[in-house]
Amino acid sequence: GGVFLAAEEDAGWLVTARMRLSSRLQRFAERLGEHWEATGQWSRAAELYQRMIELEPLQAAFHRRHLLCLRAEGRRAEAIDAYRRWRHLLATTVGIAPDPELERVYRDLFAS
């Protein structure tokens, strides 16, 4: 786990390889997570999305899917906490608010 060849210098070919591997991993995780969601394996999907958040903390799609899985499992307080961590990360690193779709998921947590 971690950054591909992290101890090596950031040569052009290495940066490109890291980006390509990261992209492949993200696509695979999205497909696997969608499969687990479709088959009602919410806990497995939530765990996968949490791991992807740890690897790619600024990928909004993983945060959104993670919240939806937690909500589906009835883990409302955890979902609210996860959303607040995401909102704080965005505010402190890039100075923006979560996208409207994630805001809607967050509001829905209070309505349920």
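This short talk walks through the helices and the buried residues of one predicted model.

Before the details, please keep in mind that this is a predicted model, in which local features need pLDDT of at least 70 and side-chain atom pairs count only at pLDDT 80 or more, while totals for chains, interfaces and linings use all residues. Residues are numbered from 1 along each chain as its sequence is written, and side-chain values use heavy atoms, with hydrogens and water left out.

Let me start with the core, where a nonpolar core is a set of buried Ala, Val, Leu, Ile, Met, Phe, Trp, Tyr and Cys residues joined through side-chain atoms within 4.5 Å, and buried means under 20% relative accessible area, with exposed over 50% and partly exposed in between, for a 1.4 Å probe and protein chains only. The largest such core has 23 residues, and those with the most contacts inside it are Phe 62 and Leu 67. H1, H2, H3, H4 and H5 each supply at least two residues of this core; these helices are DSSP runs of H or I, at least four residues long, numbered from the N terminus. Phe 62, leaving aside its neighbours within four places in sequence, is in contact (heavy atoms within 4.5 Å) with Gln 26, Ala 29, Glu 30, Tyr 49, Met 52 and Ile 53.

Turning to H4, residues 76–93, its 18 residues should span 26 Å at 1.5 Å a residue, and its end C-alpha atoms are indeed 26 Å apart, the expected span being 1.5 Å times one less than the number of residues. Its buried residues are Ala 79, Ile 80, Ala 82, Tyr 83, Trp 86 and Leu 90, and seen down the axis they fall within an arc of 160 degrees, so they line one face of the helix, the arc being that of the directions from the helix axis to the C-beta atoms. Those buried residues pack against H3 and H5, whereas the face turned away carries the exposed residues Ala 77, His 88 and Thr 92. Just after H4, Gly 95 takes a positive phi of about 70 degrees.

Finally, which polar residues deserve a look? His 66, in helix H3, is buried with a relative accessible area of 7%, and its contacts beyond four places in sequence are Ala 46, Tyr 49, Gln 50, Ile 53 and Ala 82. Glu 37, in helix H1, is buried as well, at 8%, and beyond four places in sequence Glu 37 is in contact with Trp 42, Ala 45, Tyr 49, Arg 65 and Cys 69.
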